[in-house]
Amino acid sequence: AHLDHIAAVDTDLHAFLHVAADAALATADRVDARRAAGERLGLLAGVPIAIKDVLATRDMPSTAGSKILEGWIPPYDATVVKRLRDAHLIPLGKTNMDEFAMGSSTEHSAYGPTRNPWDQERIPGGSGGGSAAAVAAFEAPIALGSDTGGSIRQPAAVTGSVGVKPTYGGVSRYGAIALASSLDQVGPVSRTVYDAALLHDVIGGHDPLDSTSLTDPWPSMAAAARAGLADGALKGIRIGVVKELHGDGFQAGVKQRFTETLALLAAAGAEITEVSAPNFEYSVAAYYLILPAEASSNLARFDSVRFGLRENPTDGPVTIERVMAATRDAGFGPEVKRRIILGTYALSTGYYDAYYGSAQKVRTLIQRDFDAAFEKVDLLVSPSAPTTAFKFGEKLADPMAMYLNDITTIPANLAGIPGMSLPMGLAPEDGLPVGLQVMAPAKQDARLYTFGAAVE
Ligand code: GLN
């Protein structure tokens, strides 16, 4: 049914870069056969899933939305993909994304943008707009995304879906094509909080193949979500409203839904207080130094020799440097080039302390803001994004406008803490979905699921 629906709607939406119809049907038959033989499989066995193209899959191309990796089929599965297969989920295919996960709209995909199923003239968010649109349009019940500065939560918000960025180190990054290694996390996209929790339980937990993977035991996120369904689950929960993450610059309908949500939370017995995080105003600036610095280093591996595309120079001698330059010129899009140049500049001798060094200090201050806030409250809330889905082209020519859209989501990545976006209705002025972001202290992902299920 999902494959038929993809065939019917994806020519318009373009949520998928690759659909693995035959493999999906064969996997479904194998799951059926196991069940028929009396095997007891997990709760998500037989459930179809869409996979963001940033994740390595050994039977499907993995392009990360870039021409430089066109047609590349990795020789291995990302750990999260292996865990999906072990739990007998059914990969439907790979979803569209901004090239190397750089962007907030999927307009930076080398393969053309994804359309928002709510309004096809509008962006589905980014970088994981493909996964969010696939879930929102019922092409897949659940999906995997990756979140470096909001790429799970912001697409979830603008498509009316649920998206979770786990605690840094909670889900393996092995086989996730790296954007910024100290910020990247893989996580679930879904239509309900409980679905996200079930998927989180499948993909999460220690992985020896990822050196930053936490060794802590994790509670069941699904059990945490079920706890949220109990009467009075919100009673006495201390919720902090981050002063710096709503107000000026936020769309009127976003603010309205947020205010109403706070009133509903208070009516359900939550204690609402305002908390200030004075250093958040520098988070976008710090992020857009740290991310390009790490990205410029990570993307150095695309050297025309090890992966994908190789282009010879159109004239002059064919040296290794010139082949590398011609390949990168042809294979990388403008946003990727912009960030590589920013990153190498920020890391260069003489500028390192002023830019990268200062950004790292700001990162510590932001972490301290969170620590201070979480002394007073259990959870922090804000709108997931300052606006609803914007129109194609609206921010494309102005990188700063695109970057500022990430103001709400970036702090959680800089601090490594978990965050969730869940729907809080539609903005009255445009009828488009608005997301509520909730953040918890590091390793307290379960709290998000209890809260999310209670609110939903
Ligand atoms: N919009 C952010 C950026 O462009 C988010 C990236 C991400 O989370 N992958 O960097």
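**Exercise 1. Find how helices H9 and H11 are oriented to each other in this predicted model, and which residues bring them together.**

Solution. H9 and H11 are roughly perpendicular to each other, because their axes cross at roughly 100 degrees and angles of 65 to 115 degrees count as roughly perpendicular. Helix H9 covers residues 283-298 and helix H11 covers residues 334-347, and their axes come within 7 Å. The next step is to list the contact itself: from H9 it takes Tyr288, Leu289, Leu291, Pro292, Ala293 and Ser296, while H11 supplies Arg339, Ile340, Leu342, Gly343, Thr344, Ala346 and Leu347. Sorted by class, this contact of H9 with H11 holds nine nonpolar, three polar and one charged residues.

**Exercise 2. Work out how H9 is placed against helix H12, and describe their contact.**

Solution. Begin with the geometry, since two packed helices are described by the angle between their axes and the distance between the axes. The axes of H9 and H12, the latter being residues 353-376, come within 9 Å and cross at roughly 125 degrees. That angle makes H9 oblique to H12, and the crossing of these two helices is left-handed. On the H9 side the contact is made by Ser283, Ala286, Leu289, Ile290, Ala293 and Glu294, and on the H12 side by Tyr355, Tyr356, Ala359, Gln360, Val362, Arg363 and Ile366. The residues of this contact of H9 with H12 divide into nine nonpolar, two polar and two charged.

**Exercise 3. Decide whether H6 is roughly parallel or roughly antiparallel to H15, and give the residues that meet.**

Solution. Helix H6 (residues 193-203) packs with helix H15 (residues 445-455) at an angle of about 155 degrees, and their axes are 9 Å apart. H6 is therefore roughly antiparallel to H15, as angles over 145 degrees are counted in that way. The handedness of the crossing of H6 and H15 is left-handed. In H6, Val193, Ala196, Ala197 and His200 meet Asp445, Tyr449, Gly452 and Ala453 of H15, and the residues of this contact comprise five nonpolar, two polar and one charged.

**Exercise 4. Identify which residues come nearest to the ligand, and describe three of the atom pairs there.**

Solution. Among the 16 residues around the ligand, those that come nearest are Thr148, Gly149, Ser151, Tyr287 and Arg339. Taking Gly149 to begin with, a polar atom of its backbone is 2.7 Å from an oxygen atom of the ligand. For Ser151 the polar atom belongs to the side chain, and it lies 2.6 Å from a ligand oxygen atom. Tyr287 likewise uses its side chain, in which an N or O atom is 2.7 Å from an oxygen atom of the ligand.

**Exercise 5. Locate a cis peptide bond and a residue with a positive phi in the loops beside strand S3.**

Solution. Recall that most residues other than glycine have a negative phi, and most peptide bonds are trans. The cis peptide bond joins Gly126 and Ser127, with omega about 5 degrees, and Ser127 is placed in the loop between strand S3 (90-95) and helix H4 (129-136). His88, although not a glycine, has a positive phi of about 65 degrees, and His88 sits in the loop between helix H3 (79-86) and S3.

Notes
Residues numbered from 1 in each chain as written. Predicted model: local features only at pLDDT ≥ 70, side-chain atom pairs only at ≥ 80, totals over all residues. Heavy atoms only, no water. Axes fitted to C-alpha atoms, helices over the stretch in contact; angles between N-to-C directions. Helix = DSSP H or I, 4+ residues; strand = E, 2+ residues; numbered from the N terminus. Parallel < 35°, antiparallel > 145°, perpendicular 65-115°, else oblique. Left-handed = near helix turned anticlockwise from the far one by under 90°. Contact = heavy atoms within 4.5 Å. Nonpolar A, V, L, I, M, F, W, Y, C, P; charged D, E, K, R; others polar. Near = heavy atom within 4 Å. Polar contact = N/O pair within 3.5 Å; in protein donor to acceptor, adjacent residues only side chain to side chain.
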